[in-house]
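User: Please take a close look at a single part of this model, the second strand with its partners and the turn leading into it. I would like one connected account, with the cut-off behind each term.

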Amino acid sequence: MEFTLESNAPDHSRIPSSEDLLGVTAIMLSVMYRKQEFFRAGFYVYNYQSEQEEGPAARQAVDIEAVQRNVLTDKPRIFRYEIAWDGLESRSKTGSSPVMTA
């Protein structure tokens, strides 16, 4: 299965520290059916400044227009959960162990 997910960039003014604008973060995608999660995919994201200077001064002076994002789509973390598709069985999320595939 392949799909394209497009979204606006996050509001960087809501991130408390400019040091947290760069580095590693994640995108989590959760899919549910009748309020039961049956699929979750996680992707690591590396945020970096395209023309970044070296040293501690570079971390204080983040140019938001120069921040680039690299989503590691070739290495997703995939989890599948068993759910009651027909709605007759009463399985809870905690009762179903996820199956992780690489």
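Analyst: Tyr33, Phe38 and Trp85 form one aromatic cluster, in which rings of Phe, Tyr and Trp (for Trp, its six-membered ring) count as a pair if their centres lie within 6.5 Å, planes under 30 degrees apart being called stacked, those over 60 edge-to-face and the rest tilted. The model is a predicted one, in which local features need pLDDT of at least 70 and side-chain atom pairs count only at pLDDT 80 or more, while totals for chains, interfaces and linings use all residues. Residues are numbered from 1 along each chain as its sequence is written, and side-chain values use heavy atoms, with hydrogens and water left out.

The setting of the strand comes first. The protein has one helix and five strands in its secondary structure, where helices (H or I, at least four residues) and strands (E, at least two) are DSSP runs numbered from the N terminus. Read from the N terminus, these elements follow the order β-β-α-β-β-β. Of the 102 residues in the protein, 20% are buried; that word stands for under 20% relative accessible area, with exposed meaning over 50% and partly exposed lying in between (1.4 Å probe, protein chains only).

Strand E2 covers residues 36-49 and pairs with strand E1, residues 23-33, in the antiparallel sense over eleven bridges, pairing being assigned if DSSP finds at least two bridges between two strands. Along this pairing, leucine 29 has alanine 41 of E2 as its bridge partner, and tyrosine 33, a member of the aromatic cluster, is bridged to glutamine 36 of E2.

The turn between these strands deserves its own description. The hairpin of E1 and E2 leaves two residues between the strands, and in that hairpin arginine 34 takes a positive phi. In general, most residues other than glycine have a negative phi. Arginine 34, which lies in the loop between E1 and E2, has its phi near 50°, positive in a residue other than glycine. Lysine 35, likewise not a glycine, has a positive phi of about 65°, and its place is in the loop between E1 and E2. As for accessibility, arginine 34 counts as exposed because its relative accessibility is 56%, and lysine 35 counts as exposed because its value is 79%.

Beyond the turn, glutamine 36 lies in strand E2, where it is the bridge partner of tyrosine 33. Glutamine 36 counts as buried because its relative accessibility is 16%. A polar atom of the side chain of glutamine 36 lies 3.1 Å from the backbone nitrogen of alanine 84, a distance to be read against the limit for a polar contact, which is a pair of N or O atoms within 3.5 Å where, within protein, one must be able to donate a hydrogen and the other to accept it, and where residues adjacent in sequence count only if both atoms are side-chain atoms.

E2 has further partners. With strand E4, residues 77-80, E2 pairs in the antiparallel sense over four bridges, and in this pairing arginine 40 has phenylalanine 79 of E4 as its bridge partner. With strand E3, residues 67-71, E2 pairs in the antiparallel sense over five bridges, and there the bridge partner of tyrosine 46 is asparagine 70 of E3.

Tyrosine 46 leads back to the aromatic rings. The structure holds three aromatic pairs. One of them joins tyrosine 46 and tyrosine 48, and this pair is stacked, with 5.6 Å from centre to centre and 15° between the planes. Tyrosine 46 counts as partly exposed because its relative accessibility is 40%, and tyrosine 48 is also partly exposed because its relative accessible area is 30%.

Taken together, E2 is paired in the antiparallel sense with E1, with E4 and with E3, while the loop joining E1 to E2 holds the exposed arginine 34 and the exposed lysine 35.
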